Amino acid sequence: LTSEEGLESLVGLDLSWSDEQKRKHLRKEFQKWSNRLNSLKEGGEREAAQNMLDNIATLRKKYG
């Protein structure tokens with residue numbers, strides 16, 4: 001997804017949350033996907049997990 005609104009929806013961010021709530025949610029999601037990535041073998045699932053981490057990183061930059 002390229003739309004930031006789409007990214008926010010993808011990771012379960014509620015746009016009505018405060019920036020602090022968004023940052024907390026993004027930290028939790030990053031940890032979840034990072035742990036998942038480490039347990040996957042090479043292939044499509046691992047690439048999907050890496051893409052999710054990249055999306056979360058993009059949003060973390062936006063919300064500080």
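**Figure 1. Twelve residues gather in the largest nonpolar core of this predicted model.** Let's start in the middle of things. L7, V11, L13, L26, W33, L37, A49, M52, L53, I56, L59 and Y63 make up this core, 12 residues in all. Helices α2 and α3 each supply at least two of the core residues. Which helix gives the most to the core? The answer is α3, with 6 residues. In soluble globular proteins, nonpolar side chains tend to be buried together. As you look at the view, try to find each member of the list, including L26 and I56.

**Figure 2. L59 is a buried member of the core.** Here we zoom in on one residue from the previous view. L59 lies in helix α3, which covers residues 44-63. Is L59 buried or exposed? The relative accessible area of L59 is 0%, so L59 counts as buried, the cut-off being under 20%. L59 is also a good place to compare sequence with space. Along the sequence, L59 and V11 are 48 residues apart. In space, their C-alpha atoms are 9.4 Å apart. Both L59 and V11 appear in the list of core residues.

**Figure 3. W33 is a core residue from helix α2.** With a relative accessibility of 15%, W33 falls under the 20% cut-off and therefore counts as buried. Which residues does W33 touch, leaving aside its neighbours within four places in sequence? They are A49, M52, L53 and I56. You can check the contact with M52 from the other side too: leaving out its own neighbours within four places in sequence, M52 is in contact with L10, V11 and W33. Another pair to look for is W33 and N51, which are 18 residues apart in sequence. The C-alpha atoms of W33 and N51 are 9.7 Å apart in space.

**Figure 4. Two arginines sit over aromatic rings.** First, find the ring of W33 again. R36 lies over the face of W33, at 4.3 Å from the ring centre. Now move to F30. The charged end of R60 sits over the ring of F30, 4.9 Å from its centre. How many aromatic pairs does a search of the whole structure find? The count is 0.

**Figure 5. E8 is a buried residue in helix α1.** This helix spans residues 4-10. E8 has a relative accessible area of 3%, which means that it is buried. Not counting residues up to four places away in sequence, E8 touches L13, L15, L59, K62 and Y63. With one of these, Y63, the side chain of E8 makes a polar contact to the side chain at 2.3 Å. L59, another of the residues that E8 touches, is the buried residue from Figure 2.

**Figure 6. A salt bridge joins K62 and E8.** The side chains of K62 and E8 meet at 3.1 Å, N to O. K62 lies in helix α3 and E8 in helix α1, so the pair ties together parts that are 54 residues apart in sequence. Are the two partners buried or partly exposed? K62 counts as partly exposed, at 43% relative accessibility, whereas E8 counts as buried, at 3%. How many salt bridges does a search of the whole structure find? It finds 5, and the next view shows others.

**Figure 7. Salt bridges also form within helix α2.** Begin with E20 and R23. Their closest N and O atoms are 2.9 Å apart. Because E20 and R23 are 3 residues apart in helix α2 (residues 19-39), about one helical turn separates them. E20 counts as partly exposed, at 42% relative accessibility, and R23 also counts as partly exposed, at 24%. Next, look for K32 and E29, whose side chains meet in a salt bridge at 3.2 Å, N to O. K32 is partly exposed, with a relative accessible area of 37%. E29 is buried, with a relative accessible area of 9%. K32 and E29 both lie in helix α2, 3 residues apart, about one turn of the helix. Finally, salt bridges that share partners join E20, R23 and R27 into one network.

Conventions
Residues are numbered from 1 along each chain as its sequence is written. This is a predicted model: local features need pLDDT of at least 70, side-chain atom pairs count only at pLDDT 80 or more; totals for chains, interfaces and linings use all residues. Side-chain values use heavy atoms; hydrogens and water are left out. Helices (H or I, at least four residues) and strands (E, at least two) are DSSP runs, numbered from the N terminus. Buried means under 20% relative accessible area, exposed over 50%, partly exposed in between (1.4 Å probe, protein chains only). A polar contact is a pair of N or O atoms within 3.5 Å; within protein, one must be able to donate a hydrogen and the other to accept it, and residues adjacent in sequence count only if both atoms are side-chain atoms. Contact means heavy atoms within 4.5 Å. A salt bridge is a side-chain nitrogen of Lys or Arg within 4 Å of a carboxyl oxygen of Asp or Glu. A nonpolar core is a set of buried Ala, Val, Leu, Ile, Met, Phe, Trp, Tyr and Cys residues joined through side-chain atoms within 4.5 Å. Rings of Phe, Tyr and Trp (its six-membered ring) pair if their centres lie within 6.5 Å; planes under 30 degrees apart count as stacked, over 60 as edge-to-face and the rest as tilted. A charge sits over a ring if NZ of Lys or CZ of Arg is within 6 Å of the ring centre and within 35 degrees of the ring normal.
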